[in-house]
Amino acid sequence: TDPRVDGVREGGTTLAIRKAVYDRIGGIGRESALEDAIADLCGRAEKAGLRIIVTSPKSEVQSPDSDPILGAWDLRLGTHPEVSIVIPVFNGLKDTRRCLPALAATTGDVACEVILVDNASSDGTAKLLEEESGRWGGRFRVLRQDRNLGFAKGCNAGARAAAGKYVLFLNNDTVPRPGWLREMLHVMAFHDRVGAVGSTLLYPA
């Protein structure tokens, strides 16, 4: 972690990584929570002769204990997405219902696609994702699995389908805040030595 960047937190529930780096090291190699995936990816990168610097800018993701940010669903998208946002889900319908509107409201300034990996949810998540797909249009894809792959394999499945220059893994129990994604991508765009970026987490009292 780069100590010169304000707002660094250990662990986290967001991680953006250059897709070329992710592909070269073969993705997440073991089942783990997202906060452990950072260490796993760095270790695999080192074995591949790469160096990943993980830094955390002042981009904020709010925990789901307060109201989500609601906004328009009009997201601008060019010919190719700049970033592919991968969200593995297994049930957690309430969390996903809060995450997606906030995600839509805070990504309008970035060309992005959203890939939901549904690990055979049984709580109504499939119906919700079908409804959201209609709102997002071609920017939103659902990869339905016939069984629960687990978090790591779910992330890898989403990353394989990603078309963006960057792949961002996001937990469905988060509520992104304005400016979070732009700041994360800015760090990698202007610092070639940074291979992955995490977002600062906020926990409302």
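Here is a short chat between a student and a tutor about this predicted model.

Student: How many helices and strands does the chain have?
Tutor: Let's start with the secondary structure, since the rest of our chat leans on those labels. Going along the chain, you get six helices and ten strands.

Student: What share of the residues counts as buried?
Tutor: The cut-off here is under 20% relative accessible area. The chain has 205 residues, and the share of them that passes as buried is 52%.

Student: How much of the accessible surface belongs to carbon and sulfur atoms?
Tutor: The accessible surface of the chain adds up to about 9,700 Å². Carbon and sulfur atoms hold 48% of that.

Student: What part of the contacts with a separation of 6 or more comes from residues 24 or more positions apart?
Tutor: Take the contacts in the chain with a separation of 6 or more as your pool. Within that pool, residues 24 or more positions apart account for 82%.

Student: Over what arc do the buried residues of helix H6 spread around the axis?
Tutor: H6 runs over residues 180–190, and its buried residues are Trp-180, Leu-181, Met-184, Leu-185, Val-187 and Met-188. They sit on the same side of H6, because the arc they cover around the axis is only 150 degrees. In general, residues three or four places apart in an α-helix point the same way, since there are 3.6 residues a turn. So the arc to remember for H6 is 150 degrees.

Student: Which helix holds both Lys-19 and Asp-23?
Tutor: The side chains of these two meet in a salt bridge, 3.0 Å from N to O. Lys-19 is buried at 13% relative accessibility, while Asp-23 is partly exposed at 45%. They're four residues apart, about one turn, and the helix that holds both is H1 (residues 19–25).

Student: How far apart in sequence are the parts that Arg-182 and Asp-109 tie together?
Tutor: The side chains of Arg-182 and Asp-109 form a salt bridge at 3.8 Å, N to O. Arg-182 belongs to helix H6, whereas Asp-109 is in the loop between helix H3 (93–105) and strand S5 (112–118), so the tied parts are distant by 73 residues. Arg-182 is partly exposed with a relative accessible area of 40%, and Asp-109 is partly exposed at 36%. The separation you asked for is 73 residues.

Student: Is Glu-113 buried or exposed?
Tutor: Glu-113 has a salt bridge with Arg-141, with the closest N and O atoms 2.8 Å apart. That pair links strand S5, home of Glu-113, to strand S6 (residues 140–144), where Arg-141 lies, 28 residues apart. Arg-141 is partly exposed, with a relative accessible area of 30%. Glu-113, at 7% relative accessibility, counts as buried.

Student: Which loop is Asn-91 found in?
Tutor: Asn-91 isn't a glycine, yet its phi is positive, at about 60 degrees. Most residues other than glycine have a negative phi. Asn-91 is also buried, with a relative accessible area of 17%. Its place is the loop between strand S4 (83–89) and H3.

Student: What is the relative accessible area of Ala-120?
Tutor: Ala-120 also has a positive phi, near 60 degrees, in a residue other than glycine. Its spot is the loop between S5 and helix H4 (125–136). Ala-120 counts as partly exposed, and its relative accessible area is 29%.

Conventions
Residues numbered from 1 in each chain as written. Predicted model: local features only at pLDDT ≥ 70, side-chain atom pairs only at ≥ 80, totals over all residues. Heavy atoms only, no water. Helix = DSSP H or I, 4+ residues; strand = E, 2+ residues; numbered from the N terminus. Buried < 20%, exposed > 50% of the residue type's maximum accessible area, 1.4 Å probe, protein only. Contact = heavy atoms within 4.5 Å. Areas by Shrake-Rupley, 256 points an atom, 1.4 Å probe, with all protein chains shown as cover. Arc of directions from axis to C-beta. Salt bridge = Lys/Arg side-chain N within 4 Å of Asp/Glu carboxyl O.
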